[in-house]
Each structure stands twice: as structure tokens, then as C-alpha cells.
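Q: I would like a close look at a single part of this molecule, followed through to the rest of the chain. Please treat the matter in one connected answer.

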Amino acid sequence: MQPSPPASHLTNKYKMFLEQTYTIDELIKRCKAGECKSQELLYKQFASKMLGVCLRYATDKMEAEDMLQNGFIKVFQKLADYRGEGSFEGWIRRIMVHSSIEHYRKHHKMMQLVELDEAGSEAWVNPLATAKLEANDLLVLIQQLSPGYRIVFNLYAIEGYSHKEIAAIAGITEGASKSQLSRARSVLREQIIKLEGKKYGYAG
């Protein structure tokens, strides 16, 4: 009977595996075969970016991390369905978005989304004002939006979904989606103006 290798040897071998470089296609193939170490590599490669996605839908970082974990569980569950069409990162991102919204709706009472008369107003922030904003500043402002506004704004302005698609994802009408987007833009515009004034000493 061969003696078991020392634990330190196994640890070093595992680290060497993690340090190897695989293409995305190779990792996907290994993950589909159920290779746990490859799943860890895939997770590490995309976790940081996907946490950024989850943060836009969460109330705080702890909830975003829960969304991230739940999202990756679904990624590995659905991996067999990925056929290599389009960006793999985009495929993961879509799962994260849907999983985050599902998590939010499960754990929070969604704000009632009501169609508003001013929904047709599409006034938006002056690009010159947002040019000075750092990404973290904008993320903080988006997180401060009420749930309904935040979800619709993220789906439309950042993820690129249409109002019809948002209605299906969020379980609302297209009119309600347009209304919440309009109101979210108005709130963000006001907050950006205030933030710019504080940072650069503008009066107001």
C-alpha cells in the first residue's frame, strides 16, 4: 500500500493547478465535465465583474455577495445549455441580472410600480456633468434609488433591455417601466447636480 502524499504536497499541486492558464472554452469544457477545480477557476475569473453587476441591484455588499453566489449556482446548473453562441461573459451577466432580480423580489417587498402621466418625459443628465463623475460615485447614486427605480434604470440604461423585456422580467407593464425610468432619471439628475456642486464648489 502506497503511503499517502503529505498534505503540503497536495496543497502545492492544487495551487499549481489554479495557476495554470486555460482558455475560456477549455474551462467551460472542464466545468461541464464536473471538474470542481475548473469551476473555481471560472468563478475567480468572473466573480469580480459579476459582483459589480449584483451591487447595482442589492441594498448592500452583503446582499450583493448572496446574489453572486446564487447566480453562480445557476451558471453551473445551466452551463450545459451554453452553446458557444455570443459572449460567454454576456451569457453569465444575463443570468446574474435575472438571478439578482429574483433574489430581490423574494427577499424584499417591491415598490408598487405605477404608470405616471409624465412618463413620456425623457429629460436626462447633461453628459458634461456626468463626465466628471467617477464610476463609484454613480454606483452609489444608483444604489440610493428606490427599488423600483433602481431595477428599471439598471435594466434599461445599463443592461440595454427594452421596456417590453423589462416588463416581462420585473412583472410590470411597459408603461410602468417607462414611468419608473423617467422618474429615476430625474432623481439621478438632481443627485448628480448636488454631488458635482459639493465636489467642485459650485453654488447651489
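Which residue caps the N-terminal end of α5, and how does that helix fit into its surroundings?

A: The model is a predicted one, and the values below are computed from it. The cap of α5 at its N-terminal end is Ser-87, which places a side-chain oxygen 3.2 Å from the backbone nitrogen of Glu-89.

The helix that begins there covers residues 88-107. With 20 residues at 1.5 Å a residue, α5 should span 28 Å, and the distance of 29 Å between its end C-alpha atoms agrees with that expectation. The buried residues of α5 are Phe-88, Gly-90, Trp-91, Ile-92, Ile-95, Met-96, Val-97, Ser-99, Ser-100, Ile-101, His-103 and Tyr-104. Their packing partners are the helices α2, α3, α4, α8 and α9.

Two of these buried residues show the surroundings in detail. Met-96, with neighbours up to four places away in sequence set aside, is in contact with Met-50, Val-53, Cys-54, Met-67, Leu-68, Gly-71, Phe-72 and Val-75. Ser-99 also belongs to α5 and counts as buried because its relative accessible area is 4%, under the 20% limit. With the same kind of sequence neighbours excluded, Ser-99 touches Met-67, Asn-70, Gly-71 and Lys-74. Met-67 and Gly-71 therefore appear in the contact lists of both Met-96 and Ser-99.

The wider setting is the largest nonpolar core, a set of 48 residues in which Phe-88, Met-96 and Leu-155 have the most contacts. The elements that contribute two or more residues to this core are α2 (24-32), α3 (36-55), α4 (61-78), α5, α7 (135-143), α8 (147-158), α9 (163-170) and α10 (174-200). Of these, α3 gives the most, namely nine residues. The core also draws at least three residues from each of domain 1 (6-107) and domain 2 (127-200).

One of the partners of α5 is α8. This helix has 12 residues and reaches 16 Å from its first C-alpha to its last, close to the 16 Å expected at 1.5 Å a residue. The buried residues of α8 are Gly-148, Tyr-149, Arg-150, Ile-151, Val-152, Phe-153, Asn-154 and Leu-155. After α8 comes Gly-160, with a positive phi near 85°.

Arg-150 leads on to Ala-58, which touches Glu-63, Ala-64, Met-67, Gln-143 and Arg-150 when residues up to four places away in sequence are not counted. Ala-58 lies in the loop between α3 and α4. Its relative accessibility is 0%, so Ala-58 counts as buried. The C-alpha atoms of Ala-58 and Pro-147 are 9.0 Å apart, although the two residues are separated by 89 places in sequence.

On the side of α2, a further pair involves the start of α5. Asp-25 is placed in helix α2, and at 61% relative accessibility it counts as exposed. Asp-25 and Phe-88 are 63 residues apart in sequence, with 9.2 Å between their C-alpha atoms. Lys-37, found in helix α3, is partly exposed at 37% relative accessibility. From Lys-37 to Leu-27 the separation is 10 residues in sequence and 9.7 Å in space, C-alpha to C-alpha.

The cysteines deserve a separate remark. The count of disulfides comes to zero. Cys-36 is in no disulfide, and the nearest cysteine sulfur, that of Cys-31, is 9.3 Å away; a disulfide would require the two sulfur atoms to be within 2.5 Å. Cys-36 counts as exposed, at 58% relative accessibility. Cys-54, one of the contacts of Met-96, is buried with a relative accessible area of 0%.

These details belong to a protein with 10 helices and zero strands. Buried residues make up 37% of its 204 residues. Among contacts between residues at least 6 apart in sequence, 69% join residues at least 24 apart.

Technical notes. Residues are numbered from 1 along each chain as its sequence is written. This is a predicted model: local features need pLDDT of at least 70, side-chain atom pairs count only at pLDDT 80 or more; totals for chains, interfaces and linings use all residues. Side-chain values use heavy atoms; hydrogens and water are left out. Helices (H or I, at least four residues) and strands (E, at least two) are DSSP runs, numbered from the N terminus. Buried means under 20% relative accessible area, exposed over 50%, partly exposed in between (1.4 Å probe, protein chains only). Contact means heavy atoms within 4.5 Å. A nonpolar core is a set of buried Ala, Val, Leu, Ile, Met, Phe, Trp, Tyr and Cys residues joined through side-chain atoms within 4.5 Å. Domain bounds come from an automatic or database domain assignment. The expected span of a helix is 1.5 Å times one less than its number of residues. A polar contact is a pair of N or O atoms within 3.5 Å; within protein, one must be able to donate a hydrogen and the other to accept it, and residues adjacent in sequence count only if both atoms are side-chain atoms.
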